[in-house]
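Colleague: Before I use this model for anything further, could we go through it together, one question at a time?

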Amino acid sequence: MARQGRSSGPRPFLKWAGGKSQLLGEFDRYLPRAALRDRRIVRYVEPFVGGGAVFFALERSFPVEESTICDINGELVLTYRVIRNSLPRLVSELATLESEYFALSGPRQEAYYYEIRDAFNRERAALSFSRYTSRWIARAAQIIFLNHTCYNGLFRVNRDGGFNVPFGRYRNPEILNAENLQEVSSLLAATRILCGDFTRCRRFVDDQTFVYLDPPYRPLNATSSFTAYARGGFSDTDQVRLSRFFRELDRKGAFVMLSNSDPAGEDPNDSFFDDLYDGFTIRRVPAKRMINCNGSLRGAVSELLITNYSP
């Protein structure tokens with residue numbers, strides 16, 4: 001799975017709740033930089049890839065020989081696979097959506113958005129997420145279009161798996177960035193893409209691997225819960241299961257980093273993560289809460305960055 005050299009490098013092609021673009025500066029300080037520079041790390045694994053901000057940033061600075069990305073969100077994984085396998089047709093589909101959207105104005109753009117959203121939800125039942133077909137290409141284009149024109153750049157589904165984010169009313173959203181999609185496709189050509197639980201990545205990890213774990217964050221309070229990017233959410237039981245997986249990877253000799261919310265920032269007596277990751281290095285780094293329906297509640301918070309190594 002060796003890969004060709006690239007120029008400026010890819011960037012996230014989706015806006016994503018919990019995306020790490022805002023935190024890359026902080027994260028960069030705590031990467032296993034010496035092991036990456038010395039090529040003691042030759043593999044990268046990210047079991048909750050989401051929008052891929054860390055994956056893409058790492059590839060720009062420290063390209064490795066082999067990468068594996070995974071996510072439980074089937075729609076997201078479908079889009080990654082289409083960008084890798086069918087980029088020209090995807091770009092053509094996106095160009096059509098972009099052209100039709102910008103040919104309209106005001107209320108007609110909003111109506112067009114809901115037409116695409118309704119079609120997206122209506123076609124879901126007939127779609128196979130395990131067998132690659134031409135339907136995937138149109139769906140990936142719809143996902144990118146909806147993500148860039150919906151409110152707050154969210155991907156949120158209801159209990160039936162229907163996308164339910166309202167129109168965003170952006171003045172000039174970027175729907176198609178063909179140059180970046182080409183960069184992403186070039187990287188993904190040499191990337192293993194999995195769909196499923198984070199434990200699917202287990203067999204691709206050894207002592208020459210850097211693993212970054214970015215699960216759905218544990219809610220700090222009732223208003224901050226946002227785990228509906230996939231049906232089922234991510235419970236405290238899942239967080240405990242993930243901590244055991246972290247320890248398993250540590251025993252394999254892998255370099256492991258995990259991020260999560262800092263409940264102790266809201267309640268000093270909440271030692272949930274401090275207890276789960278006792279024995280590892282736990283840092284509290286400044287972050288900004290970006291996803292909240294109340295703009296006054298978006299502000300500075302701390303997040304946890306947990307590693308089994310020293311940078």
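Colleague: How many bridges pair E2 with E3, and in which sense do the strands run?

Modeller: This is a predicted model, and in it E2 and E3 are paired in the parallel sense. Within that pairing, Asp 71 stands opposite Cys 195 of E3. The number of bridges between E2 and E3 is five.

Colleague: Which residue of E2 is the bridge partner of Tyr 44?

Modeller: E1 and E2 also run parallel, and four bridges join them. E1, H3 and E2 together make a right-handed β-α-β unit. Within E2, the bridge partner of Tyr 44 is Ser 67.

Colleague: Is strand E2 largely enclosed or open, and how many of its residues are buried?

Modeller: Buried here means under 20% relative accessible area, and both faces of E2 are covered by that criterion. On one side the buried residues are Glu 66, Thr 68 and Cys 70, and on the other they are Ser 67, Ile 69 and Asp 71. The strand, residues 66–71, is therefore largely enclosed by the rest of the structure, and the count of its buried residues is six of six.

Colleague: How many of the nine residues of H3 are buried?

Modeller: The buried residues of H3 include Ala 53, Val 54 and Phe 55, and they continue with Phe 56, Ala 57, Leu 58 and Glu 59. H3 is largely enclosed by the rest of the structure, because the number of buried residues among its nine is seven.

Colleague: Which residues do ring pairs link into a cluster?

Modeller: By the centre-to-centre criterion, the count comes to 24 aromatic pairs. Ring pairs link several residues into a cluster, and its members are Tyr 44, Phe 55, Phe 56, Phe 210, Phe 255 and Tyr 309.

Colleague: Why is the pair of Phe 48 and Phe 198 described as it is, and what is that description?

Modeller: Planes under 30 degrees apart count as stacked and those over 60 as edge-to-face, with the rest as tilted. The ring centres of Phe 48 and Phe 198 are 5.5 Å apart and their planes stand at 35°, so the pair is tilted.

Colleague: How many residues apart are Phe 48 and Phe 198, and which loops hold them?

Modeller: Phe 48 lies in the loop between strand E1 (43–46) and helix H3 (53–61), whereas Phe 198 lies in the loop between strand E3 (191–195) and strand E4 (209–213). Both Phe 48 and Phe 198 are buried. The pair links distant parts of the chain, at a separation of 150 residues.

Colleague: What is the angle between the planes of Tyr 101 and Phe 102?

Modeller: Tyr 101 counts as buried, at 0% relative accessibility, whereas Phe 102 is partly exposed, with a relative accessible area of 32%. The two form an edge-to-face aromatic pair, 5.3 Å centre to centre, with an angle between the planes of 80°.

Colleague: Over the ring of which residue does the charged end of Arg 218 sit?

Modeller: Arg 139 lies over the face of Phe 120, at 3.7 Å from the ring centre. The charged end of Arg 218 sits 4.0 Å from a ring centre, and the ring is that of Phe 272.

Colleague: Where is the pLDDT below 50 or under 50?

Modeller: The protein chain averages a pLDDT of 90, and 89% of the residues score at least 70. Where pLDDT is low, the predicted coordinates should not be read in detail. That caution applies to residues 1–6, where the value is below 50, and to a stretch where it stays under 50, residues 224–229.

How values were computed:
Residues are numbered from 1 along each chain as its sequence is written. This is a predicted model: local features need pLDDT of at least 70, side-chain atom pairs count only at pLDDT 80 or more; totals for chains, interfaces and linings use all residues. Side-chain values use heavy atoms; hydrogens and water are left out. Rings of Phe, Tyr and Trp (its six-membered ring) pair if their centres lie within 6.5 Å; planes under 30 degrees apart count as stacked, over 60 as edge-to-face and the rest as tilted. Helices (H or I, at least four residues) and strands (E, at least two) are DSSP runs, numbered from the N terminus. Buried means under 20% relative accessible area, exposed over 50%, partly exposed in between (1.4 Å probe, protein chains only). A charge sits over a ring if NZ of Lys or CZ of Arg is within 6 Å of the ring centre and within 35 degrees of the ring normal. pLDDT is the predictor's confidence in each residue, from 0 to 100. Contact means heavy atoms within 4.5 Å. Two strands pair if DSSP finds at least two bridges between them. A crossover is right-handed if, with the strands pointing away from the viewer, the path from the first strand over the helix to the second runs clockwise.
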